[in-house]
Amino acid sequence: MVKLIHTLADHGDDVNCCAFSSSLLATCSLDKTVRLYSLSDFTEVPYSPLKFHTYAVHCCCFSPSGHILASCSTDGTTVLWDAQNGQILAVMEQPSGSPVRVCRFSPDSTCLVSGASDGTVVLWNAQSYKLHRCASVKDGSLVACAFSPPGNLFVTGSSCGDLTVWDDKMRCLHNEKAHDLGITCCDFSSQPVPGGEEGLQFFQLASCGQDCQIKIWVISFIHILGFELKYKSTLTGHCAPVLACAFSHDGQMLVSGSVDKSVIVYDTITENILHTLTQHTRYVTTCAFAPNILLLATGSMDKTVKIWQFDTETLCQAKIPDQPKQFTENWSEDDVSNWLCAEGLEDLVDIFKMNNIDGRELLNLTKESLADDLKIDGYSYEKEAMENWISKKKRTSPMTNLVLSSMILTPNRTLKMAINRWLSETHQK
């Protein structure tokens, strides 16, 4: 379940962007302001709104530490603010004076990228506040940017639909037409794709655009040879241009906002739609997940920011599907726990964690090890018969006579599905 827990309606015009730190939510707007809210109760902090920009504020983002907030504007500046008191630390002017559409910190907080309407992209030293390097794309405005989790590369997206990959020396490593009608946003998952080969790291990149699509890319980092970007799939849940996309910090969910006024939350493994949220009354322009808690913020041209809370059931819906053995072997203990949740076996999570069952151990489990080591019976019974057995204060397995460590009954969903399938086939005959 996803529950709307708060609506912020302080901006006087379209909300363009929202961003979380561990303790604050920042929002910015066409009304030229940046506003800051405490995550404890969503009240506006005493030094908010932040006022400096003379035109619309297009983007805002926190440094990974949360200490610094960056905002950029049509006025051609990127401003760094002290997130704790709202004081201006630096005003960095785009060399061309062009409107700045996007800004992003590097994962180590040492650099900041700003992209402008004339296609210029600037790499700033976020500690000295000085321009480090500058480059530009051939066509279109720069409207999207995302750093890779290792921090050695960043990707920009243009209004002409190109994804461009840059290294930390501002060398253009790759350029690809991603969305025919223009890119609107892009984001990296911070979590590596499980099952990568030794010596390789795989991360997912999402891009969205005016073509109403979200595209998923896999980028692999080869320590010596460089990188490789490959198209993976397309998500087509929206019926109008997609203006924003963002991964959750655990990498299990991807959220998108659209001109169709809806917000869609996807499971990143199965790519199934988990939730569709339709409470905004105009275009959804921005969305962001909180880093430490299950919160989502969405902003819109309806001048509001809505705060959504997920329950733990949503995490269990992020199902890990059947995968080749070599991928399962690389599952962490958390991956196994997520799989158990997805299969309706939440009651076994604590037992598996207590016994440090990861993917390799999971593949080696037998009926004997389930019974002897994990104290799991391994047999299936009629629910009524087993409840009757337990009601007579019997605390052993009817088949093995071993003491049961838990009286909780876990449904055998696979067997139930097989029985239903057999009944259906019998009925048809």
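**View 1. An open, antiparallel sheet of four strands in the predicted model.** In this predicted model, four strands make up an open sheet in the order 6-7-8-9, and their pairing is antiparallel. Strand 6 (57–62) and strand 9 (88–93) stand at the edges and have a single partner strand each, so one side of each is left without a neighbour in the sheet. From one strand to the next, the twist averages 15 degrees. Strand 8 (residues 77–82) is joined to strand 9 by five bridges, the two running antiparallel, and within this pairing Leu80 has Ala90 of strand 9 as its bridge partner. Strands of a sheet pair through backbone hydrogen bonds, in either the parallel or the antiparallel sense.

**View 2. Strand 24 and its two antiparallel partners, strand 23 and strand 25.** Five of the five residues of strand 24 (263–267) are buried, so this strand is largely enclosed by the rest of the structure. Val263, Val265 and Asp267 point one way from strand 24, whereas Ile264 and Tyr266 point the other way, and all are buried. In a regular strand the side chains alternate between the two faces of the sheet. Strand 23 is joined to strand 24 by five bridges and runs antiparallel to it, with Ser256 standing opposite Ile264 in strand 24. Strand 24 also pairs in the antiparallel sense with strand 25 (residues 273–277), here over four bridges, and Val265 has His275 of strand 25 as its bridge partner.

**View 3. The turns of the two hairpins that include strand 24.** The hairpin of strand 23 and strand 24 has four residues between the strands, and in it Lys261 takes a positive phi near 75 degrees. Lys261 lies in the loop between strand 23 (253–258) and strand 24 (263–267), and its relative accessibility is 38%, so it counts as partly exposed. Strand 24 and strand 25 form a hairpin with five residues between them, and Glu271 in that turn has a positive phi of about 65 degrees. Most residues other than glycine have a negative phi.

**View 4. Backbone geometry in two further loops, at Pro49 and at Ser109.** Ser48 and Pro49 are joined by a cis peptide bond, with omega at about 5 degrees. Pro49 is found in the loop between strand 4 (33–38) and strand 5 (50–51). Most peptide bonds are trans. In the loop between strand 10 (100–105) and strand 11 (111–116) lies Ser109, a residue other than glycine whose phi is positive, near 70 degrees.

**View 5. The surroundings of Asp118, in the loop between strand 11 and strand 12.** Asp118 is placed in the loop between strand 11 and strand 12 (120–125), and at 36% relative accessibility it counts as partly exposed. The side chain of Asp118 makes a polar contact of 2.7 Å with the side chain of Thr120. When residues up to four places away in sequence are not counted, Asp118 touches Ser96, Ser98 and Gly140. The C-alpha atoms of Asp118 and Val137 are separated by 8.7 Å, while the two residues are 19 residues apart along the chain.

**View 6. Aromatic pairs, including one that is tilted and one that is edge-to-face.** The count of aromatic pairs comes to four. The ring centres of Phe147 and Phe154 are 5.3 Å apart and the ring planes stand at 45 degrees, so this pair is tilted. Phe147 and Phe154 are both buried, and together with Trp166 they form one aromatic cluster. Trp217 and Tyr231 form an edge-to-face pair, at 5.7 Å centre to centre and with 75 degrees between the planes. Trp217 lies in strand 20 (residues 214–222) and Tyr231 in strand 21 (residues 226–235), so the pair ties together parts that are 14 residues apart in sequence. Trp217 is buried, with a relative accessible area of 2%, whereas Tyr231, at 45% relative accessibility, counts as partly exposed.

**View 7. The whole protein chain, for orientation among the close-ups.** The secondary structure of the protein chain comes to eight helices and 28 strands. Of the 429 residues in the protein chain, 48% are buried. The accessible surface comes to about 20,500 Å², and 50% of it belongs to carbon and sulfur atoms. Among the contacts in the protein chain with a separation of 6 or more, 44% are accounted for by residues 24 or more positions apart.

Note on methods
Residues are numbered from 1 along each chain as its sequence is written. This is a predicted model: local features need pLDDT of at least 70, side-chain atom pairs count only at pLDDT 80 or more; totals for chains, interfaces and linings use all residues. Side-chain values use heavy atoms; hydrogens and water are left out. Buried means under 20% relative accessible area, exposed over 50%, partly exposed in between (1.4 Å probe, protein chains only). Contact means heavy atoms within 4.5 Å. Accessible areas come from the Shrake-Rupley method with a 1.4 Å probe; for residues, only the protein chains shown count as cover. Rings of Phe, Tyr and Trp (its six-membered ring) pair if their centres lie within 6.5 Å; planes under 30 degrees apart count as stacked, over 60 as edge-to-face and the rest as tilted. Two strands pair if DSSP finds at least two bridges between them. Axes are lines fitted to C-alpha atoms, for helices over the stretch in contact, and angles run from 0 to 180 degrees between N-to-C directions. A polar contact is a pair of N or O atoms within 3.5 Å; within protein, one must be able to donate a hydrogen and the other to accept it, and residues adjacent in sequence count only if both atoms are side-chain atoms.
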